[in-house]
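User: I'd like a close look at one part of this model, please. Let's talk about the empty space inside it.

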Amino acid sequence: MLKTLIRAQLRSEIRDKTILARSLPFVGVVLLLFAFAFDPDRGVLSRIAPGLWWVTVTFAAMFIYVRDAHNKRESRFISQFGIEGSTLFLSRVSVNFVLTAIVTFISGLFTIFLFSPDIANPFALLVIAFLATLSLATIGAIYSPIVAKLHDSGQLLSLVVIPVLLPALLAAIRATEAAISSATRECWQWTSLLAIFVVLFISVGTLASDSLED
């Protein structure tokens, strides 16, 4: 049942073309703007690359989660068939993760191409990207059903999600900075903290899944 829900929601998202029409153009515009705004000879671009990468991914992902909030009627229709709230929540997390991972990967390539940071630990960077993307996807899955009940859900989603996600986002930025600068110990410390946030978000979301679908 979980795989069926994931495939159905992914097909819906692909037909909607949210990533192609909104998220990726936003990523391209923001990164190009910063690339032209700062002088690369001063090394500013390489220093701000980690923070800019994750901030850009976070705001680009909001387009995906806003779309999910608007699709709450579909989730209510599916829930009428007796599907558990935890299954619906995990399917939403999985779909969010796949779509956000695409944004994370492409924006990462853009960041490397435009800012040319020296990556000392590529494996750690992949782990950080996985955990940060999963934390984004989970928080989006938790709050998109909540704001769907409110007016102007698109604007409210960013205002609600970003403050909650801020500690995990800061951990991802610091871990990325350490991975680039070859500070191995510091990198894994921040990555471990990020993993704790991921476990916490998934646990809270799973426990509250029935309430989220009401």
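How many nonpolar, polar and charged residues are in the lining of the largest pocket? Walk me through what surrounds that space, too.

Analyst: Sure, bearing in mind that this is a predicted model. By class, the lining of the largest pocket has 16 nonpolar residues, five polar ones and no charged ones. The pocket itself holds about 350 Å³ of space. It's lined by 21 residues, and those closest to its centre are Trp53, Gly108, Leu125, Leu126 and Ala129. Four helices each give two or more residues to that lining: H3 (44–70), H5 (85–115), H6 (122–147) and H7 (153–180).

H5 provides the largest share, with eight residues. As for that helix, its 31 residues should span 45 Å at 1.5 Å a residue, and its end C-alpha atoms sit 43 Å apart, so the two values agree. Right after H5 comes Ser116, with a positive phi near 50 degrees.

Now for the enclosed space. Searching the whole structure turns up one cavity of 30 Å³ or more, and the volume of this largest cavity is about 40 Å³. Around it you'll find Trp54, Thr58, Ala132, Ser135, Leu136, Leu165, Ala168, Leu169 and Ala172. H3, H6 and H7 each supply at least two of the cavity's lining residues, with the largest share, four residues, coming from H7. By class, the cavity lining splits into seven nonpolar, two polar and no charged residues.

Notes: Residues numbered from 1 in each chain as written. Predicted model: local features only at pLDDT ≥ 70, side-chain atom pairs only at ≥ 80, totals over all residues. Heavy atoms only, no water. 1 Å grid on protein atoms, 1.4 Å probe; cavity = no way out; pocket = protein on both sides within 12 Å on 5 of 7 lines; lining within 4 Å. Points joined across faces, edges and corners; volume = space filled by probe spheres on them. Nonpolar A, V, L, I, M, F, W, Y, C, P; charged D, E, K, R; others polar. Expected span 1.5 Å × (residues − 1).
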